[in-house]
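Open the structure in a viewer and keep the sequence beside it. The stops below say what to select and what is found there.

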Amino acid sequence: MTTDTATLLRAAVFAARAHAGQTRKGAAAEPYVNHVLEVAEILATHGAPQAAIIAGLLHDTVEDTEVTPAELAEAFGAEVAGIVAEATDDKTLAKETRKALQVSQAPKKTDAAKQLKLADKTSNLRAMMLSPPRNWDHARRCEYVGWAGRVAAGLKGVNPALDQLFEQTYREAIAHLAAHE
Ligand code: ZN
């Protein structure tokens, strides 16, 4: 696959269009695309492979927009589409089932998908601290951070720099929760 800046920017534009009108759950209501840009930036900064960075930009399109896996494969190739598929929850399942599956399936993912999911959880923990959803009480935030830590446990061991970033972010999130009861 092409590993150039043009492909990255094409994926960023594709994601921005696919997520147009969507906002993050947090009080700041940031455009949703900010999240996928952050995930890709985390991956790029921590030495993840190019296919994982591009998949980082696209990782929520199949789950949260009208984009299909076939469209992704057509536009960005089978490798990127495969990584996105690994990072996509089955929305026909109940939320609690999906959350349990993320924990149990994490160790079985490919190395690229593990890195992507770890960057995703890092971005989500940051959002939890900076702009938590208004309707989430303290208990729900604690539950979320604990669950993210359980998923991450199955994703570590591929990229030490990403592992370390998640660990640091997780500790900050725990400290943040303790300070904002
Ligand atoms: Zn995400």
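**A tour in selections**

Select Lys156 and Glu167: their side chains form a salt bridge, with N and O 2.3 Å apart. The model is a predicted one. Lys156 sits in the loop between helix H9 (138–153) and helix H10 (160–179), while Glu167 belongs to helix H10, 11 residues away in sequence. Add Arg171 to the selection, since salt bridges with shared partners join Lys156, Glu167 and Arg171 into one network. Lys156 is partly exposed, at 28% relative accessibility. Glu167 is also given as partly exposed, at 28%.

The structure holds 5 salt bridges. For another of them, select Glu38 and Arg126, where the closest N and O atoms are 2.8 Å apart. Glu38 is in helix H2 and Arg126 in helix H8, so this pair ties together parts 88 residues apart in sequence. Glu38 is partly exposed, with a relative accessible area of 24%, and Arg126 counts as partly exposed at 24%.

Next select Lys91 and Asp64, whose side chains meet in a salt bridge of 3.0 Å, N to O. Lys91 lies in the loop between H6 and H7 and Asp64 in helix H4, 27 residues apart. Lys91 is partly exposed, with a relative accessible area of 46%; Asp64 counts as partly exposed at 24%.

**The zinc ion**

Now select the zinc ion. Which residues are its protein donors? They are His35 (NE2), His59 (NE2), Asp60 (OD) and Asp120 (OD), at 2.1 to 2.5 Å from the ion. The angles among the 4 donor atoms run from 78 to 173°, and the site is irregular. A tetrahedral site would need all angles between 85 and 135 degrees. Along the sequence, the donor residues follow the spacing H-x23-H-D-x59-D. Asp60 and Asp120 link distant parts of the chain: Asp60 is in the loop between helix H3 (50–58) and helix H4 (61–64), and Asp120 is in helix H8 (residues 111–130), 60 residues apart. Asp60 is buried, at 6% relative accessibility, and Asp120 is buried at 11%.

**Val36 and helix H3**

Move to Val36, in helix H2 (residues 32–45). Val36 is buried, with a relative accessible area of 0%. Beyond its neighbours within four places in sequence, Val36 contacts Ala15, His19, Gly56, Leu57, His59 and Asp60; His59 and Asp60 are among the zinc donors. Select Ser123 as well: its C-alpha atom is 8.7 Å from that of Val36, although the two residues are 87 apart along the chain.

Two of those contacts, Gly56 and Leu57, are listed among the buried residues of H3, so select that helix next. H3 is mostly covered, with 9 of its 9 residues buried. Its buried residues pack against helix H1 (5–18), H2, H4, helix H5 (69–76), helix H6 (78–86) and H8.

**Lys109**

The last stop is Lys109, in the loop between helix H7 (95–105) and H8. What is the nearest side chain of opposite charge to Lys109? It is Glu86, 5.1 Å away, and Lys109 is buried yet has no salt bridge. A salt bridge requires the nitrogen to be within 4 Å of a carboxyl oxygen. The backbone oxygen of Glu86, however, lies 2.7 Å from a polar atom of the Lys109 side chain. Leaving aside neighbours within four places in sequence, Lys109 is in contact with Glu86, Lys114 and Lys117.

Notes:
Residues numbered from 1 in each chain as written. Predicted model: local features only at pLDDT ≥ 70, side-chain atom pairs only at ≥ 80, totals over all residues. Heavy atoms only, no water. Donors = N, O, S within 2.8 Å, 3.2 Å for Na, K, Ca; no water. Tetrahedral: all angles 85-135°; square planar, octahedral: opposite > 155°, others 65-115°. Helix = DSSP H or I, 4+ residues; strand = E, 2+ residues; numbered from the N terminus. Buried < 20%, exposed > 50% of the residue type's maximum accessible area, 1.4 Å probe, protein only. Contact = heavy atoms within 4.5 Å. Lys, Arg positive; Asp, Glu negative; His and termini not counted. Polar contact = N/O pair within 3.5 Å; in protein donor to acceptor, adjacent residues only side chain to side chain.
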